[in-house]
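Dear colleague,

Please find below the structure that I agreed to hand over. I should be grateful if you would keep it open while reading the notes that follow.

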Amino acid sequence: MTSLASRITSAGGVFVTGTDTEVGKTVASALLVRALGGSYWKPVQSGMADGGDSPEVQRLAEIDETRVHPPAYEMTQPLSPHQAARGDGIEINMADFVLPDRGRPVVVEGAGGVLVPLNAENTMIDLMDQLQLPVIVVARSGLGTINHTLLSLESLRKRGLDVLGVIMNGPRNVANAETVSTFGKVPVLLELEPLSPLEPRTIASIAARLGTAMEGEQP
Ligand SMILES: Nc1ncnc2c1ncn2[C@@H]1O[C@H](COP(=O)(O)OP(=O)(O)OP(=O)(O)O)[C@@H](O)[C@H]1O
Ligand SMILES: [Mg+2]
């Protein structure tokens, strides 16, 4: 029996993936950074024209820039990484992804979902495997989430990755959370409701709850 927090600490961090783009990975990452006293890394950032995710995590988790690691790849257009890279005339090389280590657990935010291509051969799940981090899946709370979430979990497990749990984001849907947990054989770590405004104070108080959930003993 080990707590999720200690599994994260001993691995050096946690990988935050999602069932889709725009599901709330960045908000969940800010919560995890806050809950774990961690640092943040978005290894592949497309859509840099829109500013990227790092400044939002820095704002929400209230951390200074020493706790934000620069992306290995930044691409201009808001496309899937392999397409955005092509647009910028570059190719993503897996050897460039090395987990930064500054003495804190690193919260690594993926791009899109589990099988989003990075280059002609590799997808996001190859990066998770390469970094050997346990994984948290962020999913929408509402209709359609069960299939997307269970497919993502199945894919992660097939690769032998350590799946810590799911964060459901959106208006609370108890039935969906229960179904995901039962069929996915996974804890739902947090049901994150819509926050308005989305501000550091609220993130801090929810992070405290998430931290407590992750300190609990897990089989
Ligand atoms: N619980 C929430 N309450 C209020 N706003 C939210 C919440 N979750 C997400 N959002 C908003 O929804 C949008 C998408 O969320 P977010 O950026 O976290 O998604 P993402 O999965 O990180 O997307 P990407 O794939 O682009 O990295 C953002 O504008 C974010 O502020
Ligand atoms: Mg994001």
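In these notes, two residues are said to meet, or to be in contact, when heavy atoms of theirs lie within 4.5 Å. Please also bear in mind that this is a predicted model.

I begin with helices α6 and α7. Helix α6 covers residues 145-158, and helix α7 covers residues 174-184. On the α6 side, the residues that meet α7 are Thr-145, Ile-146, Thr-149, Leu-150, Leu-153 and Arg-157. Their partners in α7 are Asn-176, Thr-179, Val-180, Phe-183 and Gly-184. Sorted by class, this contact has 5 nonpolar residues, 5 polar ones and 1 charged one.

How are the two helices placed with respect to each other? The axes of α6 and α7 cross at roughly 25° and come within 10 Å. Angles under 35 degrees count as roughly parallel, and α6 is therefore roughly parallel to α7. Their crossing is right-handed.

Helix α6 also holds Ser-155. Is this residue buried or exposed? The relative accessible area of Ser-155 is 17%; since buried means under 20%, Ser-155 is buried. Apart from neighbours within four places in sequence, Ser-155 is in contact with Val-114, Leu-115 and Ile-125.

A second pair of helices is α2, residues 25-36, and α3, residues 54-61. Their axes lie 9 Å apart, and the helices pack at an angle of about 45°. The helices α2 and α3 are therefore oblique to each other, and α2 passes α3 in a right-handed crossing. In this contact, Thr-26, Ser-29, Ala-30, Val-33 and Arg-34 of α2 meet Glu-56, Val-57, Leu-60 and Ala-61 of α3. By class, there are 5 nonpolar, 2 polar and 2 charged residues.

Thr-26 leads on to the metal site. Which protein residues are donors of the magnesium ion (ligand 2)? They are Thr-26, through OG1, Asp-53, through OD, and Glu-109, through OE, at 2.0 to 2.2 Å from the ion. Along the chain, these donors follow the spacing T-x26-D-x55-E. Asp-53 lies in the loop between β4 (44-45) and α3, whereas Glu-109 lies in strand β7 (residues 106-109), so this pair ties together parts that are 56 residues apart in sequence. Both Asp-53 and Glu-109 are buried.

With kind regards

Key. Residues are numbered from 1 along each chain as its sequence is written. Chains are lettered from A and ligands numbered from 1 in the order in which they are written. This is a predicted model: local features need pLDDT of at least 70, side-chain atom pairs count only at pLDDT 80 or more; totals for chains, interfaces and linings use all residues. Side-chain values use heavy atoms; hydrogens and water are left out. Donors are N, O and S atoms within 2.8 Å of the metal (3.2 Å for Na, K and Ca); water is not among the atoms, so sites may look incomplete. Helices (H or I, at least four residues) and strands (E, at least two) are DSSP runs, numbered from the N terminus. Buried means under 20% relative accessible area, exposed over 50%, partly exposed in between (1.4 Å probe, protein chains only). Axes are lines fitted to C-alpha atoms, for helices over the stretch in contact, and angles run from 0 to 180 degrees between N-to-C directions. Angles under 35 degrees count as roughly parallel, over 145 as roughly antiparallel, 65 to 115 as roughly perpendicular and the rest as oblique. A crossing is left-handed if the near helix is turned anticlockwise from the far one by less than a right angle, and right-handed if clockwise. Ala, Val, Leu, Ile, Met, Phe, Trp, Tyr, Cys and Pro count as nonpolar, Asp, Glu, Lys and Arg as charged, and the others, Gly among them, as polar.
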